[in-house]
Amino acid sequence: SFFRLVCAMDPAEERTLLSRHNKRPPLDGWSALGPFLLVCTLGVPVYAGVLLPLTVLYQIIAFPLKLLKKSSSSHQASVPSELLSLPLVPRDQRKFDLVLFGATGFAGRLAAQYLARSYGSTVRWAIAGRRKDALEALRDKLVKEHGASLQDVGIVVADSSDPRKMADMVRSTRVVASSVGPYCLYGTPLVELCAHQGTSYCDITGEANWVRKMVDRFDDVARKTGARIVHFCGHDSVPWELCTLALAQQLKQRGENLIQVRCYDECRGGLSGGTMATIFESFGVAPKRSSRDFDPMLKLPSGQRSVFTVVERNTKILKYSSEMGRWVGPFLMASINAEVVGRSNALCQYGPHLRYRESLVYPGFMAGFVDTMGLVYFGTALLFGPLRYLMQRFFSPKPGEGPSEKEMDENYLKVTAIGIGDKGSKGRAMIFFATDPGYRDTARILAEAGLCLAQDALPALPARSEERRGGEKGRSRGSPDH
């Protein structure tokens, strides 16, 4: 077990949880004084007098150009219809149980190392990517670190821009676990092929608008072929999903529906090149209109709209929380977590009109002020094209780069979740990751999600002619994003 989810803990034990694992919040205590004074005396005046006015002027000038900007998804290779209609390979005849696509990237390498260390050659798995030499070097490293049996790990050369190679990969395995992002640029052909070929799929995207499009386009065909397409299998957004599920289960046992969730996050982490590339690519891209008259995140297996919805009430400003006795502020991924919880609520029916609130907890006011202003600076810089270019070109980590081993050892995530039932009862859940949640544990969650999908007993795949008639023979209990 690499994380701990509890619904009841001694308050004294919970207060000392971080110190017992030698974890310290960033800007703890008086270490926040220097950055706080710097932000007050220099950061705020520069922001108010220079950065904000320039950004407003840039947005006024750039607005007409935005209207002409095409969606980023137009860069993706289209999948020829003959590849989508290839015969379905029976699952028990496929060469691999799991293919890890993007294995030479930062998160992909961590996932490969986890699979090698935890499972070795006891499962049939392969590493996949664009360059055979890089894949061979990775396998050689796994053999050196974890034993000669890993020489059996397969190598699959596949590229998102080559649909034929992607189709060969998809038809060779029961499950594809993808860490190749930004998914709005590189993910759609793979999801489409998996949905049509009855191959299950999981990823670590945090791109809700792209997922919304995937549900809209491929949910129905995936149900016909039995493919389970599961997005958000990482730090975004498994911890908050599990906490919400635990609260819903607690209250169900008392005969109540969950009507409110309040999540308080304590974390330390870093950013990889892939994460930054996703932020730069997806920032400001509006979702395309759905083919349905409602949000695809609310789509039920029947095709109808779920009446179980989520209302986001995330913390937007720095403020004091009497419930936690601490200063709290906005969390960067809170809106994405709310969307994912909303999708689960639509399908699993935790409670109608569920209110979701998420906050980042700080060790003190000065730390909260510095962090909140940093988020304001970053968001404004993304809106100012020249500064966004400079950040992306010179200051952002490159693809394949990320936090060091030492930094990941110091990182952690603790989420305290409080749930309210429709009759007034209160539930509580806490989840704790004792190491880096954004990459090390994201990689482990992705690997475990892929193995869960691979080891599920599933009905036989439908014949292609039956699938074209919309037959229910291969219907799965899963769905493309849950």
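**Overall organization and local features of the predicted model**

Among contacts (heavy atoms within 4.5 Å) in the protein chain between residues at least 6 apart in sequence, 81% join residues at least 24 apart. The model is predicted, so that local features need pLDDT of at least 70 and side-chain atom pairs count only at pLDDT 80 or more, whereas totals for chains, interfaces and linings use all residues. Residues are numbered from 1 along each chain as its sequence is written, and side-chain values use heavy atoms, with hydrogens and water left out.

The protein chain contains 18 helices and 14 strands; these are DSSP runs numbered from the N terminus, helices being H or I runs of at least four residues and strands being E runs of at least two. Of the 482 residues in the protein chain, 52% are buried. Buried denotes under 20% relative accessible area, exposed over 50%, and partly exposed in between, with a 1.4 Å probe and protein chains only. About 22,000 Å² is exposed by the protein chain, and carbon and sulfur atoms supply 57% of this area. Accessible areas come from the Shrake-Rupley method with a 1.4 Å probe, and for residues only the protein chains shown count as cover.

A nonpolar surface patch of about 420 Å² is formed by Leu38, Leu42, Val46, Val50 and Leu54. Patches consist of residues with over 30% relative accessible area and no salt bridge, like charges being joined within 9 Å and nonpolar side chains (Val, Leu, Ile, Met, Phe, Trp, Tyr) within 5 Å. Valine 46, one of the patch residues, belongs to helix H3 (residues 33–68) and counts as partly exposed because its relative accessibility is 40%.

The structure holds 18 salt bridges, each defined as a side-chain nitrogen of Lys or Arg within 4 Å of a carboxyl oxygen of Asp or Glu. In one of them, glutamate 82 pairs with arginine 164, the closest N and O atoms being 3.1 Å apart. Glutamate 82 lies in helix H4 (residues 81–84) and arginine 164 in helix H7 (residues 163–171), so the pair ties together parts that are 82 residues apart in sequence. Glutamate 82 is partly exposed at 41% relative accessibility, and arginine 164 is partly exposed at 47%.

A further salt bridge joins the side chains of arginine 124 and aspartate 97 (2.8 Å, N to O). This pair links distant parts of the chain, 27 residues apart: arginine 124 is in the loop between helix H5 (106–119) and strand E3 (125–129), and aspartate 97 is in strand E2 (residues 96–101). Arginine 124 is partly exposed, with a relative accessible area of 38%, whereas aspartate 97 is buried at 18% relative accessibility.

Glutamate 266 and arginine 326 also form a salt bridge, with the closest N and O atoms 3.7 Å apart. The two residues, 60 apart in sequence, link distant parts of the chain, namely strand E8 (residues 258–268) for glutamate 266 and strand E11 (residues 326–329) for arginine 326. Glutamate 266 is buried at 7% relative accessibility, while arginine 326 is partly exposed with a relative accessible area of 25%. In addition, a network of salt bridges links Asp219, Asp220, Arg223 and Lys299.

Aspartate 236 is located in the loop between strand E7 (229–230) and helix H11 (238–253). Aspartate 236 is buried yet lacks a salt bridge, and the nearest side chain of opposite charge, that of arginine 212, is 14 Å away. For this assignment Lys and Arg count as positive and Asp and Glu as negative; His and the chain ends are not counted. The side chains of aspartate 236 and histidine 235 are joined by a polar contact of 3.3 Å. A polar contact is a pair of N or O atoms within 3.5 Å; within protein, one must be able to donate a hydrogen and the other to accept it, and residues adjacent in sequence count only if both atoms are side-chain atoms. Not counting residues up to four places away in sequence, aspartate 236 touches Thr205, Gly206, Met333 and Asn337.

The peptide bond from aspartate 236 to serine 237 is cis, with omega near 10 degrees. A cis peptide bond also joins glycine 181 and proline 182, with omega of about -5 degrees. Proline 182 is placed in the loop between strand E5 (173–178) and helix H8 (183–186).
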